[in-house]
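User: I'm new to reading protein structures, and the labels confuse me. Please take me through how each one is decided for this example.

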Amino acid sequence: MIKAEGETFNFDDVSKINSNFLETFEFDSVDQYIKTETNEFSAVCPFSGLPDLAKVKIEYFPKGGKCVELKSLKYYFSSFRNVGIYQEAATKRIYDDLKYKLKTNRIRVTSKNSEDSDKPPTALIGEENEVFDKILSYKRLGISEIVLDFITPDKDEILETMSTLSKKVMPEL
């Protein structure tokens with residue numbers, strides 16, 4: 001395994017991420033679009049132990065009749081601060097935790113490394129149709145090559161996604 005050059009720092013494992021910080025409140029507007037963005041997300045690069053800063057955008061429809069309380073979301077994000085986790089895995093974790101707490105499938109989480117502000121998002125996770133719409137929008141912008149980076153180790157899930165892409169998206173490209 002490759003090792004980082006220079007100093008490395010200790011960090012906590014993912015068991016320190018505390019989804020119990022997340023609080024929700026009842027909300028009776030299931031078709032209302034809600035978007036929350038923050039530049040305050042930080043974790044630790046598990047390669048070097050150095051801080052990894054990101055902008056996180058959460059978009060959802062409160063289909064489950066719940067909204068996330070924003071102060072609790074800050075506490076939740078703070079629980080990542082000393083955790084060694086790659087940004088793509090952190091994005092997936094945020095998506096999974098919020099999807100469960102909000103009881104909705106109509107959610108998308110995007111993270112973008114703070115240092116790469118002019119590049120596309122590092123990780124985009126969300127409802128199938130929204131992700132496909134994003135891929136098609138790249139095509140409309142003239143981007144001819146689309147690279148998909150799967151962060152799931154589940155081979156069956158990867159095959160299912162590739163099959164769905166070939167049926168739904170590829171004919172339109």
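User: Which residues is Gly84 in contact with, and what makes something a contact?

Analyst: Leaving aside its neighbours within four places in sequence, Gly84 is in contact with Phe11, Asp12, Val14, Val44 and Pro46. A contact means heavy atoms within 4.5 Å. Before we go on, please keep in mind that this is a predicted model, where local features need pLDDT of at least 70 and side-chain atom pairs count only at pLDDT 80 or more, while totals for chains, interfaces and linings use all residues. Residues are numbered from 1 along each chain as its sequence is written, and side-chain values use heavy atoms, with hydrogens and water left out.

User: Why is Gly84 called buried?

Analyst: Its relative accessible area is 14%. Buried means under 20%, exposed means over 50%, and partly exposed is in between, using a 1.4 Å probe and protein chains only. Gly84, at 14%, is under the 20% limit, so it is buried.

User: Where is Gly84 found in the chain?

Analyst: Gly84 belongs to the loop between helix 1 (70-78) and helix 2 (87-102). Helices (H or I, at least four residues) and strands (E, at least two) are DSSP runs, numbered from the N terminus. Gly84 also lies 9.2 Å from Ser48, C-alpha to C-alpha, though 36 residues separate the two in sequence.

User: How many helices and strands does the protein chain have?

Analyst: Four helices and six strands. Their order from the N terminus is β-β-β-β-α-α-β-β-α-α.

User: Is Thr36 buried or exposed, and how do you know?

Analyst: Thr36 has a relative accessible area of 18%, so by the limit we just met it counts as buried. Thr36 lies in strand 2 (residues 34-44). Beyond its sequence neighbours within four places, Thr36 touches Val56, Lys57, Ile58, Leu70 and Leu73.

User: What makes strand 2 and strand 3 a pair?

Analyst: Two strands pair if DSSP finds at least two bridges between them. Strand 2 and strand 3 have nine, in the antiparallel sense, so they meet that rule. One of the partnerships is between Ser42 and Leu53, the latter in strand 3. The two strands form a hairpin with six residues between them, and Gly49 in the turn has a positive phi of about 80 degrees.

User: How many bridges join strand 3 to strand 5?

Analyst: Seven bridges join them, and these strands run antiparallel. In strand 5, Thr110 is the bridge partner of Lys57. Six of the seven residues of strand 5 are buried, so it is largely enclosed by the rest of the structure.

User: What makes a set of residues a nonpolar core, and which members touch the most others in the largest one?

Analyst: A nonpolar core is a set of buried Ala, Val, Leu, Ile, Met, Phe, Trp, Tyr and Cys residues joined through side-chain atoms within 4.5 Å. The largest has 24 residues, of which Phe41, Ile58, Phe80, Ile94 and Leu98 touch the most other members. Helix 2 gives the most to this core, with five residues. Ile58 touches, among others, Thr36, Leu73, Phe77, Ile94 and Leu98.

User: How do you know that the length of helix 2 agrees with what is expected?

Analyst: The expected span is 1.5 Å times one less than the number of residues. For the 16 residues of helix 2 that should be 22 Å, and its end C-alpha atoms are 22 Å apart, so the two agree.

User: Why is the aromatic pair of Tyr76 and Phe77 called tilted?

Analyst: Rings of Phe, Tyr and Trp (its six-membered ring) pair if their centres lie within 6.5 Å; planes under 30 degrees apart count as stacked, over 60 as edge-to-face and the rest as tilted. Tyr76 and Phe77 are 5.9 Å centre to centre with 35 degrees between the planes, so they pair and are tilted. Tyr76 and Phe80 have centres 5.3 Å apart and planes at 90 degrees, so that pair is edge-to-face. Phe41, Tyr76, Phe77 and Phe80 form one aromatic cluster.

User: What makes the charged end of Arg106 sit over the ring of Phe61?

Analyst: A charge sits over a ring if NZ of Lys or CZ of Arg is within 6 Å of the ring centre and within 35 degrees of the ring normal. The charged end of Arg106 is 3.9 Å from the centre of the Phe61 ring, so the distance rule is met. Lys103 likewise has its charged end over the ring of Tyr100, at 5.5 Å from the centre.
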